[in-house]
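Q: Please take a close look at a single part of this structure, the sheet together with the helices that pack against it. A connected account for a reader new to it would be welcome.

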Amino acid sequence: MRPAGILIRAFEAGDASAVADLNRAWLDRFGIREPIDDRFLADPAGEVVTPGGAIFIAEIDGRFAGTCAIVPHDDGVFEIVKLAVAPEAKGRGIGRQLIGACLAFARSRGARRAVLVSNSQLTTAIRIYEEMGFVHRPLPPGQPYLTADVYMERDVEPAPTEGLK
């Protein structure tokens with residue numbers, strides 16, 4: 001059940017600057033912004049939607065409250081990227097809802113597995129990923145983020161906690 005006033009919807013062209021601003025804020029706050037992030041911030045649709053992924057937006061009473069994206073890779077693998085929730089909207093389950101929307105999108109595209117990379121400073125996000133069935137694995141070689149020190153994955157089948165809380 002979705003809390004009153006929260007809407008999860010697909011990205012629209014006019015959302016690009018809000019998506020960039022919200023992600024830039026947490027990347028800079030934790031000191032982990034990299035050139036690969038700047039490409040996303042400059043053109044979220046080109047980096048995610050054009051190659052077959054999706055960006056989801058959370059709104060509370062019509063105001064931008066969060067975002068998360070999912071990007072396809074080879075062999076039925078999709079990667080969750082750029083989960084961000086506005087500070088004033090935290091604690092309302094928005095991150096879980098956005099991740100759930102990303103997983104549903106991947107499932108609808110025949111994905112077998114969802115993966116993500118993160119940074120150990122992002123403890124709240126990591127806890128949410130764990131609660132949603134993601135498990136820690138060794139960081140794969142060749143991943144493009146220099147500041148990533150966390151790698152997680154899960155099957156795309158629904159986890160027991162998906163959609164709860």
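A: In this predicted model, the buried residues of helix α1 are V19, A20, L22, N23, W26 and L27. These buried residues pack against two helices, α2 (35–42) and α3 (44–49), and against the strands β2, β3 and β4. Helix α1 itself covers residues 16–29, and its 14 residues, at 1.5 Å a residue, should span 20 Å; the end C-alpha atoms are 20 Å apart, which agrees with that expectation. After α1 comes G31, whose phi is positive, near 65 degrees.

The strands that α1 packs against, β2, β3 and β4, belong to an open sheet of seven strands. The order across this sheet is β1-β2-β3-β4-β5-β7-β6, and the pairing is mixed. Strands β1 (6–10) and β6 (135–137) stand at the edges; each has a single partner strand, so one side of each is left without a neighbour in the sheet. On average, neighbouring strands of this sheet are turned by 30 degrees against each other, direction ignored. As a general matter, strands of a sheet pair through backbone hydrogen bonds, either parallel or antiparallel.

At one edge, β1 pairs with β2 (residues 54–60) in the antiparallel sense, over five bridges. Within this pairing, I6 stands opposite I60 in β2. Towards the other edge, β5 and β7 run antiparallel and are joined by six bridges; here L116 stands opposite M152 in β7. Strand β7 also pairs with β6, again in the antiparallel sense, over three bridges, and R137 stands opposite Y151 in β7. Five of the six residues of β7 are buried, so this strand is largely enclosed by the rest of the structure.

Another helix, α4 (residues 94–108), lies across β1, β2, β3 (63–72), β4 (77–85), β5 (113–118) and β7 (150–155). Helix α4 runs at about 155 degrees to β4.

A residue of β3 shows how these parts meet. G66 is found in that strand and is buried, because its relative accessible area is 0%, under the 20% cut-off. Leaving aside residues up to four places away in sequence, G66 touches L22, F56, I57, A58, A84, V85 and L98. Among these contacts, L22 is one of the buried residues of α1. The C-alpha atom of G66 is also separated by 9.1 Å from that of K90, a residue 24 places apart from it along the chain.

Aromatic side chains add further links. The count of aromatic pairs comes to three. In one of them, the rings of F56 and F105 have their centres 6.3 Å apart and their planes at 70 degrees, so the pair is edge-to-face. Since F56 lies in strand β2 and F105 in helix α4, this pair ties together parts that are 49 residues apart in sequence. Both F56 and F105 are buried. Another pair joins Y129 and F134, whose ring centres are 5.8 Å apart and whose planes stand at 65 degrees, so that pair is edge-to-face as well. Y129 and F134 are likewise buried. Ring pairs also link F56, F78 and F105 into a cluster.

Charged side chains lie over some of the rings. R154 is placed over the face of F134, at 5.9 Å from the ring centre. K82 lies over the face of F40, at 5.6 Å from the ring centre.

The loops between strands deserve a word too. Most residues other than glycine have a negative phi. D61, in the loop between β2 and β3, has a positive phi near 50 degrees although this residue is not glycine. With a relative accessible area of 61%, D61 is exposed. D75, found in the loop between β3 and β4, also has a positive phi, near 60 degrees, in a residue other than glycine. The relative accessible area of D75 is 63%, and this residue is therefore exposed.

Lastly, T124 has its place in helix α5 (residues 123–131). At 45% relative accessibility, T124 counts as partly exposed. In sequence, T124 and G95 are 29 residues apart, and in space they are 9.7 Å apart, C-alpha to C-alpha.

Terms used
Residues numbered from 1 in each chain as written. Predicted model: local features only at pLDDT ≥ 70, side-chain atom pairs only at ≥ 80, totals over all residues. Heavy atoms only, no water. Pairing = 2+ DSSP bridges. Helix = DSSP H or I, 4+ residues; strand = E, 2+ residues; numbered from the N terminus. Axes fitted to C-alpha atoms, helices over the stretch in contact; angles between N-to-C directions. Contact = heavy atoms within 4.5 Å. Buried < 20%, exposed > 50% of the residue type's maximum accessible area, 1.4 Å probe, protein only. Expected span 1.5 Å × (residues − 1). Phe/Tyr/Trp six-rings, centres within 6.5 Å; stacked < 30°, edge-to-face > 60°. Lys NZ or Arg CZ within 6 Å of the ring centre and 35° of its normal.
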